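Visitor: I'd like to hear the reasoning behind the labels people put on a model like this one. Can you walk me through it?

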Amino acid sequence: MQSKPQALSKSPQPIPLPSLKQMEKSVTKCQRAGTRQKNIPKTNRKGDSWPLTSNCHPGTTTPVPPFPMSFNIPTKTMSCILHIETSTDVCSVALSQDGVCLHEEIDTNGRRHAEILAPFVEEAVSFADSHAIPLDAVSVSAGPGSYTGLRIGVSTAKGLCYGRDLKLISIPTLKVLCTPILLYREDIPDNALLCPMIDARRMEVYTAIYDRALHEVVPTDAVIVNENSFAEILDKQPVFFFGNGADKCRDTLKHPNAHFIEGIVPKASSMLPLAERALALNETEDVAYYEPFYLKQFVAGKSRNLLNG
């Protein structure tokens with residue numbers, strides 16, 4: 001007589017995420033009620049030192065170099081964070097714990113954020129739930145960038161924070177662009193400046209200039225680029241330009257100290273060290289009242305049919 005197989009232990013069932021509309025309704029309800037985010041610091045789960053090197057490439061064995069001093073992450077404070085990046089055509093979500101990127105989803109096929117962001121978030125949250133990993137916070141790319149993309153990302157992040165009582169962290173998008181440069185490029189001189197650029201139509205870009213410690217040298221602004229842009233800084237030291245806004249400036253900025261790096265896009269996994277530092281310092285946002293950094297007011301265009309009618 002065959003013995004019955006033993007029942008396997010069931011893993012925790014993931015909690016289904018609400019739709020984007022439900023998330024926005026929850027945030028609106030939260031605003032009307034005047035509910036505010038509770039900034040209650042959490043103690044470390046393990047009580048030991050946290051490694052600053054980790055495998056941040058899910059499915060690979062490529063190690064991430066140690067975080068540079070520009071991130072300055074305090075020890076014994078790392079947590080589980082969900083990261084959302086929707087500021088440009090690229091949509092991505094990542095899940096990190098204790099300085100390690102556990103899960104990442106990326107879509108580079110255009111602005112389909114409203115369609116794919118919720119499934120991406122649901123997969124990341126389900127991964128955390130199925131492995132019994134409690135979420136501590138949600139980090140979202142704060143802008144500047146696409147008005148619609150930022151709105152979708154922030155609405156999703158706020159709804160998730162409100163529904164699960166999580167902390168909300170906002171990360172400047174231009175600093176997100178700098179992260180892979182600081183982590184992976186060893187050929188950048190110590191005196192070089194970083195100039196991330198996000199396309200803002202025609203020859204205008206959203207940009208700022210940082211040193212290698214991510215100190216702001218030139219504040220974030222919308223700049224119409226011409227051959228004399230950044231001339232005063234370029235005369236003094238090398239500047240590295242990158243991001244989707246830098247591509248259209250390559251033929252305009254001909255200064256010998258102007259260098260261009262291709263292939264840099266804002267990704268959720270690039271938010272990890274910045275979010276870890278913000279959470280460690282308790283630099284969180286008010287879930288009910290937080291708004292992204294649009295930089296410029298949104299202007300709705302009129303239909304050509306109406307103009308011609």
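Guide: Sure, and keep in mind that this is a predicted model. Let's start with helix 6, residues 272-280: seven of its nine residues are buried, so the helix is largely enclosed by the rest of the structure.

Visitor: Which residues of helix 6 are the buried ones?

Guide: They are Leu272, Pro273, Leu274, Ala275, Glu276, Ala278 and Leu279. Each of them has under 20% relative accessible area, which is why it gets that label.

Visitor: And what do the buried residues of helix 6 pack against?

Guide: Quite a list: strand 1 (80-85), strand 2 (91-97), strand 3 (100-107), strand 4 (137-141), strand 5 (167-171) and helix 4 (173-184). Just after helix 6 comes Asn282, with a positive phi near 60°.

Visitor: Strand 2 has a cysteine in it, Cys91. What makes Cys91 count as buried or exposed?

Guide: The cut-off for buried is under 20% relative accessible area, and Cys91 comes in at 0%, so it is buried.

Visitor: Which residues does Cys91 touch, leaving out those up to four places away in sequence?

Guide: Glu85, Thr86, Glu105, Ile106, Asp107, His113, Ile116, Leu117 and Phe120. Take Phe120: it sits 29 residues from Cys91 along the chain, yet their C-alpha atoms are separated by 9.2 Å. Contact is judged on heavy atoms within 4.5 Å, so the C-alpha distance doesn't rule out a touch.

Visitor: How many disulfides does the structure hold?

Guide: Zero. A disulfide needs two cysteine sulfur atoms within 2.5 Å, and the sulfur of Cys178 is 8.7 Å from the closest one, in Cys195, so that is too far for a bond. Cys249 is in no disulfide either, with the sulfur of Cys195 as its nearest, 8.3 Å away.

Visitor: Where do Cys178 and Cys249 stand, buried or exposed?

Guide: Cys178 has a relative accessible area of 0%, so it is buried. The value for Cys249 is 0% too, so that one is buried as well.

Visitor: What makes a group of residues a nonpolar core?

Guide: They must be buried residues of the nonpolar kinds, joined through side-chain atoms within 4.5 Å. The largest such core here has 28 residues, and the members touching the most others are Ile169, Ile171, Ile181, Ile188, Leu194, Phe242 and Ile261. Two or more residues come from each of strand 5, helix 4, strand 6 (193-199), strand 7 (204-210), strand 9 (239-242) and helix 6. Helix 4 gives the most, six residues. Apart from this core lies another, of 27 residues, including Cys80, Ile84, Leu166 and Tyr290.

Visitor: What does Phe242 touch, not counting residues up to four places away in sequence?

Guide: Among its contacts are Leu177, Cys178, Ile181, Leu194, Cys195 and Ile261.

Visitor: In the sheet ordered 8-7-6-9-10, why are strand 8 and strand 10 called edge strands?

Guide: Strand 8 (216-224) and strand 10 (258-261) each pair on one side only, and pairing takes at least two bridges, so both are edges. The sheet is open, its pairing is mixed, and the twist averages 20° from one strand to the next.

Visitor: How do you know that strand 9 and strand 10 pair?

Guide: At least two bridges are required and these strands share four, so they pair, in the parallel sense. Phe240 stands opposite His259 in strand 10. Helix 4 packs on this sheet, touching strand 6, strand 7, strand 8, strand 9 and strand 10, and its direction makes about 130° with that of strand 6.

Key. Residues are numbered from 1 along each chain as its sequence is written. This is a predicted model: local features need pLDDT of at least 70, side-chain atom pairs count only at pLDDT 80 or more; totals for chains, interfaces and linings use all residues. Side-chain values use heavy atoms; hydrogens and water are left out. Buried means under 20% relative accessible area, exposed over 50%, partly exposed in between (1.4 Å probe, protein chains only). Axes are lines fitted to C-alpha atoms, for helices over the stretch in contact, and angles run from 0 to 180 degrees between N-to-C directions.
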